[in-house]
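Visitor: I'm new here. Could you walk me through this one and tell me how each label is earned?

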Amino acid sequence: MAENRRRVSEARRFDASNALLHWFESHRRELPWRESRDPYRVWIAEVLLQQTRVATAVRYYDRFLRQFPTVQALARASEGQVLKAWEGAGYYGRARNLRRAAQEIVRRHGGKLPQDVEALEELPGFGPYTAAAVGSLAFGLPVAALEANGMRVLSRYFGIRGDVTLAPNQRRLRSALQGWVHQGPSGPMNEAVMELGETVCAPQSPRCPECPLERGCVLRRERWDPRSVPGRPRKPPVPRVSASIAIIDRNGRWYVQRRPGEGLLGGLWEFPGGKIQPDESPIEACRREVREETGWTPTRLRLLGTVQHDYTHLHVTLHVFGSRCAASAPGPRTGTGRRWVDPATFARLPIPRATQKASQLMSHHL
DNA sequence: GATCCGTGGGG
DNA sequence: TCCCCAAGGAT
């Protein structure tokens, strides 16, 4: 809109980028990934931080780098090892892509991350943000790394109303950030915007009196409701489903299967089971799903308890059943991605959170 | 452009 | 309880 463009030019009179850089010098938090500008370490941090809170990423960062200290080490690792290191972090495609990208960097770039944004963006798991972040933070390239914090800070500062996920507003925001990035060192400038968005320009209740940009901020000057900027499309209500799973025990070993390599929880291990059909009881669903998935019909199923687990777009109530399989019985089929594991082996497999919760129910019944 | 892909914390 | 949100990317 013309109105948005007018506001952008008005706000430019205040030297926001300079004020922001000065603020960042004194408010920069000590974070593990800020101790080094090594491209590999910057990369790992950026991927960990995708759609993930700083506090969560901190829990994984050092441990991941101890286990995979170099691009080469990551490239050599098995997918299972990398997924195990990523266990609980969510969005497991990030871990799979990390390993694939490491292999590509070794094969095509001599083991070093390429020093230009276009080459970075060709690597798996590198989108516009991550390529710009690594480019600016590790290599000092003058590129705008725009993510959720930046969209919030900039849309408020320049008074850009409307849905920030729309392409025209995206271009406007990126262009505004690019303007700031040209005013100073690109890495610190990008980081400063993110830092401000996280610690001051918060989504629901921003701490405007502490903000170095308050003087030029349209949101502040025109007294807009902070919750209305940035604008986002409404999200539909989250559906609820019920499912049953079986923890089949034979001589202290549990039967587990590996999920398909792509898609939801791809490559992780879990117990057999599935959704409960409309006119089906939890135990009937459990028996049917186990038979369908393993070729074996479970006996003596007993309910151990229920587990509640929430995905972004799905709330699941999990009915967890225990079952004994006689030592002499054939039991479920084994093979690729299907095996019996003792507790120590189970602990070494990458397991989704919901399955971990379920396994705790079983442990309590031993 | 719309949808999928996890998990955890906060109001 | 419910909803929002988060250093996005892939398809």
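Visitor: How much area do domain 1 and domain 2 bury between them?
Guide: This is a predicted model, by the way. In it, the two domains bury about 810 Å² between them, with 47% of that on carbon and sulfur atoms. On the side of domain 1, Glu87, Tyr92 and Arg96 lose the most area to domain 2, together 51% of what that side buries.

Visitor: What makes helix H6 stand out on the side of domain 1 that touches domain 2?
Guide: Helix H6, residues 79-86, gives the most to that side, with four residues. The residues of that side divide into four nonpolar, two polar and four charged.

Visitor: How many salt bridges does the rule find across the interface of domain 1 and domain 2?
Guide: Zero salt bridges. Polar contacts are another matter: the rule finds six residue pairs there.

Visitor: Now the DNA. Why does glutamine 51 count as being in polar contact with DNA strand C?
Guide: A backbone N or O atom of glutamine 51 lies 2.8 Å from a phosphate oxygen of DNA strand C. The cut-off for a pair of N or O atoms is within 3.5 Å, so this pair counts as a polar contact.

Visitor: And what makes glutamate 147 a polar contact of DNA strand C?
Guide: Here a polar side-chain atom lies 2.9 Å from a sugar or linking oxygen of DNA strand C. That distance meets the 3.5 Å limit, so glutamate 147 qualifies too.

Visitor: How many residues surround DNA strand C?
Guide: There are 26, and the closest are Leu49, Gly125, Thr130, Asn149 and Arg152. Sugar and phosphate make up 71% of the strand's atoms that come within 4 Å of the protein.

How values were computed. Residues numbered from 1 in each chain as written. Chains lettered and ligands numbered in written order. Predicted model: local features only at pLDDT ≥ 70, side-chain atom pairs only at ≥ 80, totals over all residues. Heavy atoms only, no water. Buried area = accessible area lost by both parts, 1.4 Å probe. Salt bridge = Lys/Arg side-chain N within 4 Å of Asp/Glu carboxyl O. Polar contact = N/O pair within 3.5 Å; in protein donor to acceptor, adjacent residues only side chain to side chain. Helix = DSSP H or I, 4+ residues; strand = E, 2+ residues; numbered from the N terminus. Nonpolar A, V, L, I, M, F, W, Y, C, P; charged D, E, K, R; others polar. Near = heavy atom within 4 Å.
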